[in-house]
Amino acid sequence: MAPPQSLYAIPLRDPFARSEMAEPTALIRLAVAGKRRLTPDIWEFTLAAAGGAALQPFEPGAHIGIETPSGAMRQYSLVNDGRAPDRYVIALKREPESRGGSRSMVEDTEIGGTLRADAPANSFPLAEAPGYLLIAGGIGIAPILAMANRLDEEGKPFRMIYCSRSAAEAAYLHEMRDRFGGRLTVHHDGGDPDAHYDFWDDFAEPADIRVYCCGPKPLMEEIRAVSGHWPEGRVQFEDFRPVEAVRPDDRPFEAALRRSGRTVAVPADLTILEALRGAGIRVPSSCESGVCGTCKTRLLAGEADHRDRVLMPEERADFIMLCVSRAQSGALTLDL
Ligand code: FES
């Protein structure tokens, strides 16, 4: 009998190992088994393997790429224990300016529906240390809570600082208070930037611990500033901040696809990747934030406005990241 095909046998993606035409990214199907509102803006989704197949295990700090109902690919941190998961639990914040990510997840998903997802990956793993300081701001609590639960289970020493605007806007607050007791410090700033938590006492003297921080940009900048004198690698950050893919003054342009002979119009408010997707042309993608390199495509003609964080300066004349970059002016010709 043939061995069962693993649900999570996702091939490693090499942007240059594509066949003549771009193939769809290999994704797994997940059923929406639960959806609940944790705060006015934060939602939790429980996703189970459609068909009951096994799910790939993961470690605290991992995230998963999910194709939202709008077709956009977004990455969300996993909250639950991933050692033998029968579900993936994510928490996300519905961003008011969301163009198809968190808004589509909240508005367009229903329990019983299905979503396509990438396998879990981890760019924020917990390392062995004599002790830990976990710092979360807002929705940054998702990977931090997974870490705290694991450390608590393993009896490892840690402290946690959770910052939010108010108690009502702090997801998982009651369960964390019950579980972590005095190891949890909660700070609410009421939306006043001058009322932020004073981290200096925690960072004045470099300690033999690991610090993990996930939250909004001002929080992470503050931690970077107060930990500048700490040994390299002791303080780790999780940053899913997307680059600015579409800006208010962007203009429409055309993308000519040399190999297929098609031309796709890219409107001012869509990325090249989204316009291709709308035209039924699928190109491998993952982060859709210009940071992973998956959508790297050869640029045959035209002048690109590069907005990614991965291309080397010497690559910029010949390649483009379709998820964030655009045309400077006129049309672009792509090797698709
Ligand atoms: S999908 Fe990650 S850089 Fe484009």
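**Reading the confidence, strands and helices of this model**

Q: What makes residues 1-25 a stretch to treat with care?
A: Over residues 1-25, pLDDT (the predictor's confidence in each residue, from 0 to 100) stays under 50. The model has 32 contacts beyond four places in sequence for this stretch, a contact being two residues whose C-beta atoms, placed from the backbone, lie within 7 Å. Where pLDDT is low, the predicted coordinates should not be read in detail. This is a predicted model, in which local features need pLDDT of at least 70, side-chain atom pairs count only at pLDDT 80 or more, and totals for chains, interfaces and linings use all residues. Residues are numbered from 1 along each chain as its sequence is written.

Q: What is the mean pLDDT of the protein?
A: The mean is 87, and 90% of the residues reach 70 or more.

Q: How many helices and strands does the protein have?
A: It has six helices and 16 strands. Both are DSSP runs numbered from the N terminus, helices being H or I with at least four residues and strands E with at least two.

Q: What makes strand E3 (residues 63-67) count as mostly covered?
A: Five of its five residues are buried, meaning that 20 or more other C-beta atoms, placed from the backbone, lie within 10 Å of a residue's own (12 or fewer is exposed, in between partly exposed). His63, Gly65 and Glu67 are buried on one side of E3, and Ile64 and Ile66 on the other.

Q: How do you know which strands E3 pairs with?
A: Two strands pair if DSSP finds at least two bridges between them. E3 has five bridges with strand E4 (residues 73-77) and two with strand E6 (residues 114-117), so both pass under that definition. Each pairing is antiparallel. Isoleucine 66 stands opposite arginine 74 in E4, while glutamate 67 has arginine 116 in E6 as its bridge partner.

Q: Why are strand E13 (262-266) and strand E15 (319-321) edge strands?
A: Each has a single partner strand, so one side of each is left without a neighbour in the sheet. Their sheet is open and mixed, with the order E13-E12-E16-E14-E15.

Q: Which strands stand at the edges of the parallel sheet E9-E8-E7-E10-E11?
A: Strand E9 (184-188) and E11 do, as each pairs on one side only. Within this open sheet, six bridges join E7 to E8, and alanine 136 has tyrosine 162 in E8 as its bridge partner.

Q: What puts the buried residues of helix H5 (residues 217-226) on the same side?
A: Leu219, Met220, Glu222 and Ile223 are buried. They cover an arc of only 155 degrees around the axis, which puts them on the same side of H5; the arc is that of the directions from the helix axis to the C-beta atoms. The face turned away carries the exposed residues Lys217, Pro218, Glu221, Arg224 and Ala225. Strands covering the buried residues include E7 (132-137) and E8 (158-164).

Q: How do you know what span to expect of helix H2 (residues 141-153)?
A: The expected span is 1.5 Å times one less than the number of residues. H2 has 13 residues and reaches 18 Å from its first C-alpha to its last, close to the 18 Å expected. Just after H2, glycine 155 takes a positive phi of about 70 degrees.
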